[in-house]
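Here is a short report on a protein chain. Keep the sequence and the 3D view open while you read.

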Amino acid sequence: MNRILLAAYPKDYRVRQGEEVLGCLAEAYPGRAWPPPREVAALLGAGVQARARAVCEDRTRPWWLDGFHLTALVLAALALVPYLQDVWDWALRVDPASHSIGFEHAGWYPWAQGPESRTRLLPYGLLPLVCLLALLRGWAWIALPVSATMAGVGSGIVGSDVFGDEGVVGVGYYGLGAPLRAHDMVLSGTLFLACSVLAAGRPGRLRRRSYGWLVPLAGALVMAGALHLTSVDPYVQRGQLVVEVAALAVAWIVTAATGDYRWLIPVAAFTLVRITAIVTQPSMTGSLPSQVVLLALLMPLPLLAVTARQRQRRTA
């Protein structure tokens with residue numbers, strides 16, 4: 001089981017020192033499948049920092065291009081979250097019945113038409129899903145037209161016969177009750193801008209991430225579809241908040257370890273999307289006051305910038 005902890009480290013590190021680390025763990029904690037929680041946290045933290053240093057040492061692409069790539073990945077994932085169950089039902093031809101996604105104007109699929117409802121050919125969530133998969137493999141030439149289609153659906157340029165109306169009037173919830181309506185186009189517009197930068201910045205240099213990243217994505221689809229979980233479910237809201245806080249913490253850890261500014265770009269885009277949602281719909285900020293949420297969203301930006309600057313001064 002200790003080998004699972006080694007997955008947090010870069011491949012080169014595992015090849016050079018993997019067996020040595022496993023031997024030390026076996027000697028320090030004989031007979032235990034896992035080390036104590038404190039040691040697990042330390043190993044995972046060191047692995048994340050080692051991966052961040054390896055990314056910064058890779059000079060095959062500029063740091064800002066990597067930052068925009070991370071930004072597009074974050075935004076595509078955010079756009080997909082409200083539609084996980086919808087995509088699952090479409091893929092398996094499931095009639096969600098009373099468990100249908102919480103968008104009144106979503107319509108039904110041709111094989112599950114409800115009374116007085118319009119049908120649609122594809123779920124809107126298929127767009128961010130394809131965009132996310134393309135970005136994981138570094139295929140900007142696919143992600144760009146897909147993100148443009150998302151913006152077109154949100155603006156009304158693309159008709160509702162294909163993707164229904166949920167891309168226009170649907171509500172996507174991010175974190176604890178901070179909704180963003182797709183027709184505001186803040187999310188899809190920012191995603192399209194990030195994909196445009198990637199397409200213009202020599203897409204061949206983009207980082208191609210492992211197919212292993214599809215495992216948590218498939219798990220989220222299965223969980224949302226099998227348990228009929230939508231984005232308005234309290235468990236989804238709280239779970240996404242935990243994931244978002246953890247992601248911000250990781251961004252601070254890797255910035256402190258490297259002094260690199262690339263992780264500031266996705267955090268800034270994430271902050272823009274979330275703050276826009278709260279400002280435009282202050283009555284739907286959930287269980288936390290909007291002022292508290294705004295302060296919590298704004299704090300990571302200067303914190304990461306100061307952390308990166310201090311790290312650079314120490315290493316200068």
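Ile253 sits in helix 12, which covers residues 234-258. Helices (H or I, at least four residues) and strands (E, at least two) are DSSP runs, numbered from the N terminus. Ile253 is partly exposed, because its relative accessibility is 30%. The scale is this: buried is under 20% relative accessible area, exposed is over 50%, and partly exposed is in between, with a 1.4 Å probe and protein chains only.

The model is predicted, so local features need pLDDT of at least 70, side-chain atom pairs count only at pLDDT 80 or more, and totals for chains, interfaces and linings use all residues. Residues are numbered from 1 along each chain as its sequence is written, and side-chain values use heavy atoms, with hydrogens and water left out.

**Surface patch**

Ile253 joins Trp252 and Leu303 in a nonpolar surface patch of about 260 Å². Patches take residues with over 30% relative accessible area and no salt bridge; like charges are joined within 9 Å, and nonpolar side chains (Val, Leu, Ile, Met, Phe, Trp, Tyr) within 5 Å. Areas come from the Shrake-Rupley method with a 1.4 Å probe; for residues, only the protein chains shown count as cover.

Gln310 belongs to helix 15 (residues 300-315). Gln310 is partly exposed, with a relative accessible area of 44%. Its C-alpha atom is 8.4 Å from that of Ala256, although the two residues are 54 apart along the chain.

**Whole chain**

The chain has 15 helices and 2 strands. Of its 316 residues, 44% are buried. A contact means heavy atoms within 4.5 Å. Among contacts between residues at least 6 apart in sequence, 73% join residues at least 24 apart. The exposed area of the chain is about 16,100 Å², and carbon and sulfur atoms supply 65% of it.

**Salt bridges**

Side chains of opposite charge can pair when their charged atoms come close. A salt bridge here is a side-chain nitrogen of Lys or Arg within 4 Å of a carboxyl oxygen of Asp or Glu. The structure holds 4 of them. The table includes three.

| Pair | N to O distance | Burial |
|---|---|---|
| Arg262 and Asp66 | 2.9 Å | both buried |
| Arg262 and Asp260 | 2.8 Å | both buried |
| Arg274 and Glu244 | 2.7 Å | both buried |

What does the salt bridge between Arg262 and Asp66 tie together? Arg262 lies in the loop between helix 12 and helix 13 (264-280), and Asp66 lies in helix 4, so the pair links parts that are 196 residues apart in sequence. A network of salt bridges links Asp66, Arg207, Asp260 and Arg262.

Arg274 and Glu244 also form a salt bridge. Arg274 is in helix 13 and Glu244 is in helix 12, so this pair ties together parts 30 residues apart in sequence.

**Helix 13 and Thr71**

Helix 13 is largely enclosed by the rest of the structure, because 12 of its 17 residues are buried. Among them are Ile265, Pro266, Ala269, Phe270 and Arg274. At 1.5 Å a residue, helix 13 should span 24 Å, and its end C-alpha atoms are 24 Å apart, which agrees. The expected span is 1.5 Å times one less than the number of residues.

Thr71 is found in helix 4 (residues 63-80). Is Thr71 buried or exposed? Thr71 is buried, with a relative accessible area of 4%. Leaving out residues up to four places away in sequence, Thr71 touches Ala194, Ile265, Pro266 and Ala269.

**Helix 7**

Helix 7 runs through residues 140-155. Its 16 residues should span 22 Å at 1.5 Å a residue, and the end C-alpha atoms are 22 Å apart, which agrees. Its buried residues include Ala140, Val146, Met150 and Val153. Just after helix 7, Gly156 takes a positive phi of about 90°.

**Cysteines**

A disulfide is a covalent bond between the sulfur atoms of two cysteines. Here it is called when two cysteine sulfur atoms lie within 2.5 Å. A search of the whole structure finds 0 disulfides. Cys131 is in no disulfide; the nearest cysteine sulfur, that of Cys195, is 4.2 Å away. Cys131 is buried, with a relative accessible area of 0%. Cys56 also counts as buried, at 12% relative accessibility.
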